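Open the model in your viewer and keep the selection box ready. We will go stop by stop.

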Amino acid sequence: MDIKDIQNLIKFVSKAEVSEVKYKTKDFEITIKTPLGGNEVSYVAQPAMYQQAPQQVAPGHAPASVSASPEKTEAVSDDSKYVTIKSPMIGTFYRKPSPDKDVFINVGDEVSNGKVVCVIEAMKLFNQIESEVSGKIVKILVDDATPVEYDQPLFLVDPS
């Protein structure tokens, strides 16, 4: 199975609105998990060999994490009152849903739990990233249309 076949399978699963699909052959195994009706897709591909073969993990997901979580939040430091919204995947960060639309949020805007704050494009799939905290956006840490890494801080939020 090549990368194009994997991409087509991911697109098909995303459109089919199923929660999980497993595909297994003699040499290859892939599991694709997606929230029902959602845009985020999580997948892990690995060789079916049961020796000490390294695990191939899809871009944007840590080897230990298979489930799709829209974003991670944690305190920036012990003495800081701000919370960081981090990237849940590797991809390209966009502040707008499309080039002709307005940005999702600006500095000073209020966000609530579940509000979309940006999209991250990975392998031609646009994943909406939602806030897991409520508060006020203090700083946007990434420029529009730039690459981001897994767990990279995207926004600072004042939860008070």
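Select K96. With a relative accessibility of 29%, K96 counts as partly exposed, because that value lies between the cut-offs of 20% for buried and 50% for exposed. Bear in mind that this is a predicted model. K96 sits in the loop between β7 and β8 (110-111).

Which residues does K96 contact, once neighbours within four places in sequence are left aside? Show K101, D102, V103, F104, V119 and D144. Now add A145. Its C-alpha is 9.4 Å from that of K96, although 49 residues separate the two in sequence.

**Zoom out**

Colour by secondary structure. The protein has one helix and 13 strands. Along the sequence the helix comes first, and the strands follow. Of the 160 residues, 38% are buried. Take the contacts between residues at least 6 apart in sequence: 48% of them join residues at least 24 apart.

**The helix**

Select residues 3-16. This is helix α1, with 14 residues. From first C-alpha to last, α1 reaches 20 Å, close to the 20 Å expected at 1.5 Å a residue.

Show the side chains of I6, L9, I10 and V13, which are buried in α1. Look down the helix axis. The buried residues of α1 fall within an arc of 100°, so they line one face of the helix. Turn to the other side of α1. There K4, F12 and K15 are exposed.

**Strand β7 and its partners**

Select residues 91-94, strand β7. Then add residues 146-148, strand β12. β7 and β12 run antiparallel, joined by three bridges. Pick G91 in β7, and find its bridge partner in β12, V148.

Next, add β9 (116-122). β7 and β9 also pair in the antiparallel sense, over three bridges. Here Y94 has V119 in β9 as its bridge partner. V119 was one of the contacts of K96.

**Two ring pairs**

How many aromatic pairs does a search of the whole structure find? The search finds two.

Start with F93 and F155. Their ring centres are 5.9 Å apart and their planes are at 55°, so this pair is tilted. F93 lies in β7 and F155 in β13, so to reach one from the other along the chain you pass 62 residues of separation; the pair links distant parts of the chain. Are these two rings buried or exposed? F93 is buried, at a relative accessible area of 0%. F155 is buried too, at 0%.

Move to Y94 and F126. This pair is tilted as well, with 6.2 Å from centre to centre and 45° between the planes. Y94 is in β7, and F126 is in strand β10 (residues 125-130), 32 residues apart. Y94 is partly exposed, with a relative accessible area of 26%. F126 is also partly exposed, at 47% relative accessibility.

**Strand β6 against β13**

Select residues 83-86, strand β6. V83 and I85 point one way, while T84 and K86 point the other way. Each of these four residues is buried.

Add residues 153-158, strand β13. β6 and β13 run antiparallel, with four bridges between them. One place to look is K86, whose bridge partner in β13 is P153.

**The cores**

Select F93, V117, C118, I137, L154 and F155. They belong to the largest nonpolar core, which has 19 residues, and they touch the most other members. Which elements give two or more residues to this core? They are β6, β9, β11 (135-140) and β13. β9 gives the most, with four residues.

Centre the view on V117. Not counting residues up to four places away in sequence, V117 touches F104, I105, V111, I129, S131 and F155. F104 is also in contact with K96, our starting point.

For the last stop, select L9, V13, I30 and I32. These are among the eight residues of a second, separate core. L9 and V13 take you back to the helix, where both are buried in α1.

How values were computed: Residues are numbered from 1 along each chain as its sequence is written. This is a predicted model: local features need pLDDT of at least 70, side-chain atom pairs count only at pLDDT 80 or more; totals for chains, interfaces and linings use all residues. Side-chain values use heavy atoms; hydrogens and water are left out. Buried means under 20% relative accessible area, exposed over 50%, partly exposed in between (1.4 Å probe, protein chains only). Two strands pair if DSSP finds at least two bridges between them. The expected span of a helix is 1.5 Å times one less than its number of residues. The arc is that of the directions from the helix axis to the C-beta atoms. Rings of Phe, Tyr and Trp (its six-membered ring) pair if their centres lie within 6.5 Å; planes under 30 degrees apart count as stacked, over 60 as edge-to-face and the rest as tilted. Contact means heavy atoms within 4.5 Å. A nonpolar core is a set of buried Ala, Val, Leu, Ile, Met, Phe, Trp, Tyr and Cys residues joined through side-chain atoms within 4.5 Å.
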